[in-house]
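Me: I would like a close look at a single part of this model, followed by its wider setting. Please give the cut-offs as you go.

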Amino acid sequence: MAFAFGVGFVLLVGLGVGCFFDRSSDRSERERIVPVAFARSKSVSPSEKFPADVRYIQTILEDHCIDCHGSETAKADLRLDGIDWNDLSVMGEDLQEALEQVILMEMPPAKKSKLGESERAKFHALLTDKLRRFHSENREPAAFVPAKLNRAQFVHTLEDLLSVRIPENLVASLPGDKSGDPSMVKHLFSNNRKALSFSLLQFELYKGCIEEALEQAIPDEQPKMSPFRSYRFDFSVVTEIRMVGKNKDKEQKIERLVTQGKVMAEINPPDGYVYNLKELIDVLPVNKKYGVDGVVNPKILRVGSTKISGRMKLQENGIMLPPLHSRLEHGRVDVHILGPNVTFVLPEIRASEGVYRLRVFASKGDDQREHPKLAVFSGPISYFRSGQIRSAGPAQVVDTPKGERGVYDFYCQLNEKPAERTRTPGQQDWPLGFLLRNEVFGVDGEQLESPLLHIKSVELDGPYYKHWPTPRERNIFPVRQESESEPDYARRVIDRFLIRAFRGDVSQEIRQKYFTYWKAARDNGDTFRQSIRVTVKTILLSPYFLYIDADAAKNKNQETATRLAYFLWHSPPTAELLQRAKNPDWNAADELNYMLAHPQFSRFMHAFAGEWLQLKKKPDHLLRGRMISAAMNREPAEFLKYLFQKNRSLENLIDSDFLVLNDTLAKWYGIEKPQGQGFGYVKLPADSSRGGVLTMSAPLTSHSKEYGVSDPIARGVWLCERILGRHLPPPPMNVEFPNPDDFEGFEKLTISEQLKFHQENPACYGCHHRIDPLGLPLENFDGYGLWREENYRYEIIGRRPPSKISFAKSDARSSIKGDSVNGIIEFKALLNRKYKDEILHSFTEFLYAYAAGRSVRASEAALIDDMHAQFKASGYKPRTLLEQILKTHALTNPRENQ
């Protein structure tokens, strides 16, 4: 009974809403609730002093609205009886929201009013025209607010500029970005100009991050090319070996791993790479204990030794790796290594700027139709136990037949700083290493026996470099000419860096300022590299770096190119983009093909999709393994990226006959997919309940409770606000709920039946009669986004794996404004039929708000409608929408559009 209460009523705490209208603006509370016009307590009757359109609007308000929003009863703190039609600056946004509720048939309540469809349409048209004319004639420019780099943009910019990787723990220490009060202003994102500001503490944290990055980018001494290593690991069978020493009379079976270096003549480096020809390390330490050369110290190799799997035995001259598995880790916060696996520990390898090539000789271990998939991870071995586990490229399908020998190459970076590998203060560093696993998995921890992956031998060589000195070094220190004096060289280094850091041409005055700063540091005794580092640090602490458009004197096209890059790449503009922008005839919309094809476009898609859909990163122990969690979180962004890059209609957001999946998600959903690498197009069966963003695991999980418990109310709020774009007011603070123990058989009721008790509360009905029907059609999906026929929860105490406890039949039936739907397929059909334009109009607003870095203003209603009209006429093609946004002043010149 207690659990049923948790599903049916505890989920509702804080979500009951008694307000009918939303005041979605950033006005003060005083202006929002007590407008000046409210000093008149008497209703204003239609009068000849008003034009005909105002008289009609006023008549509708008096006949259908004043009873609930007048002097005696002002529901939702809103009064409509004292409107000054000559000055709508105070009441305009409330009226805008009110008329939207009228056209959506949410207000006035059907029980209290019989407002006809034609009257609603005329009221909406006249009031819309009145509001737009007022805003057009009375718009007052707001103060221009420069856009500060938010946390993700700052990290991306610093990494791209210095060719470094900011450690995860340092990124996590930076302050998060506030988007503002979502209960007051809709369409807010983490790049909201007004909410992004610097406190002294924030500035200090950003400065610490810059200093850490510069220690990697500009060390005191010029980096030296690391010694070249060449190892070969040959697996052999278990061998009986007579031991030496006091145990010389005993025999012991050991697993042999023979290793040896390769002569240089046998090494074929990758095309375009260089390596250290002068120094070669080709021998790993061997264990002499057994009196046999070539047996590697056991500390070097760990085969399948994890908390959830036993050791993998050597057999048939290699290691047979079954598919990985990881049970649901419930009731605890630690994360286990996904096993089984093979882990190589290489303590003698230290930080390197180059990449290592790991060549794996492998084949299928059985004759199953499904192929194994080889995945390789690299870095400090502590990463293998955490969410920081770093892939050495996409997993590769091993299709080499059993008994043959296929070659699979991976490129792994081992450039973490020792500070990243520290276990705890005062203890030893975690060594570097590699982890290999068969990345086919069983759903929900199922231990599969096939397809087997046969690993026969492994070769490791490197480090290799694209060129020497490294790109990181050359990004800051170009080649010095023989005739170039140190001051001249320093000036060239600084000028070159300034253009990249300030994202455009820089005046001679600014260049001289930083050269003078360098000269003072050099004269003070700093080495040349130290003086450059301290100068670069000063540049990176400048507002011209930390803000996107702080320099009003910058070339306008280059400033637009910068805003374009942070919009569609979440990253700084490239040198090529800035160079093209110097052309006076340059147009941002002409860059769309370049922007969408660039690898950094993925950054934008992940940032926008995550915030638009309000995806939440839940702890791994609430999901079914890190592989599932990572794939879930990527799916919406990969789907959106496919739609934008292929220019497919955004009607697919509501429902689609395809998805963009990797093998992990396809198996998770139970969808047939040819094996491959990474995310790709997958055609759905005709009767599939999947398709579109509504049924993706990420949003379904984000808006659910823990341990697989769905939450129709949270999902309904999400659909209402993020998909339909209808902003909801905050819930009242004093809602009391009935006790479910007072109702016999409550735990046997379906969720929809339980919610009816809640909706009988007048304080909750106002919004929940809109919210709950939207969430109920998703009830066939559990809290992990998996299809189900019954409601259940996970038992979280005493059992592994956890048991499914059924308590009610799943019921996905709902009625939405008189339209009955039975499940997700009928629900999506209804959305497509009646609400498609509203949903995609909402998407237009969200994308425009993200591009502008602020909420959509009431005065921009006509602009949004015009953009949406072009978008709709194109068949809802995303490139048309982007072209319309790129033509607006919010992108081209926001200083003139405030």
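Leaving aside its neighbours within four places in sequence, which residues is T888 in contact with?

Reply: The model is predicted, with local features needing pLDDT of at least 70 and side-chain atom pairs counting only at pLDDT 80 or more, while totals for chains, interfaces and linings use all residues. Numbering runs from 1 along each chain as its sequence is written, and side-chain values use heavy atoms, without hydrogens or water.

With neighbours within four places in sequence set aside, T888 is in contact (heavy atoms within 4.5 Å) with Y848, L863 and M867. T888 sits in the loop between α26 (878-886) and α27 (889-892); helices are DSSP runs of H or I, at least four residues, numbered from the N terminus. The relative accessible area of T888 is 6%, so T888 is buried (under 20%, against over 50% for exposed, with a 1.4 Å probe and protein chains only).

The element that follows this loop, α27, also appears in the account of the cavities. The whole structure holds 9 cavities of 30 Å³ or more, a cavity being a set of points on a 1 Å grid over the protein atoms alone where a 1.4 Å probe fits but cannot get out. The largest encloses about 160 Å³, the volume being the space filled by probe spheres set on the points. Its lining comprises 16 residues, and A147, N191, I548, A851 and G853 lie nearest its centre; lining residues have an atom within 4 Å of a point. Two or more lining residues come from each of α14 (556-568), α24 (824-852) and α27. By type, the lining of the largest cavity has 10 nonpolar, 3 polar and 3 charged residues.

Of these elements, α14 has 13 residues and spans 18 Å from first C-alpha to last, close to the 18 Å expected at 1.5 Å a residue (1.5 Å times one less than the number of residues). This helix is mostly covered, with 12 of its 13 residues buried, among them N557, E559, R563 and F567.

Elsewhere, α8 (residues 200-217) has 18 residues and reaches 26 Å, close to the expected 26 Å. Its buried residues are Y206, C209, I210, A213, L214, Q216 and A217. They lie on the same side of α8 because they cover an arc of only 150 degrees around the axis, taken from the directions to the C-beta atoms. L200 and L201, on the other side of α8, are exposed. The cover over the buried residues of α8 includes α6 (151-162), α7 (168-173), α9 (471-476), α12 (528-540) and α13 (543-546).

Technical notes:
On a 1 Å grid over the protein atoms alone, a cavity is a set of points where a 1.4 Å probe fits but cannot get out, and a pocket is an open set with protein on both sides within 12 Å along at least five of seven lines; lining residues have an atom within 4 Å of a point. Ala, Val, Leu, Ile, Met, Phe, Trp, Tyr, Cys and Pro count as nonpolar, Asp, Glu, Lys and Arg as charged, and the others, Gly among them, as polar.
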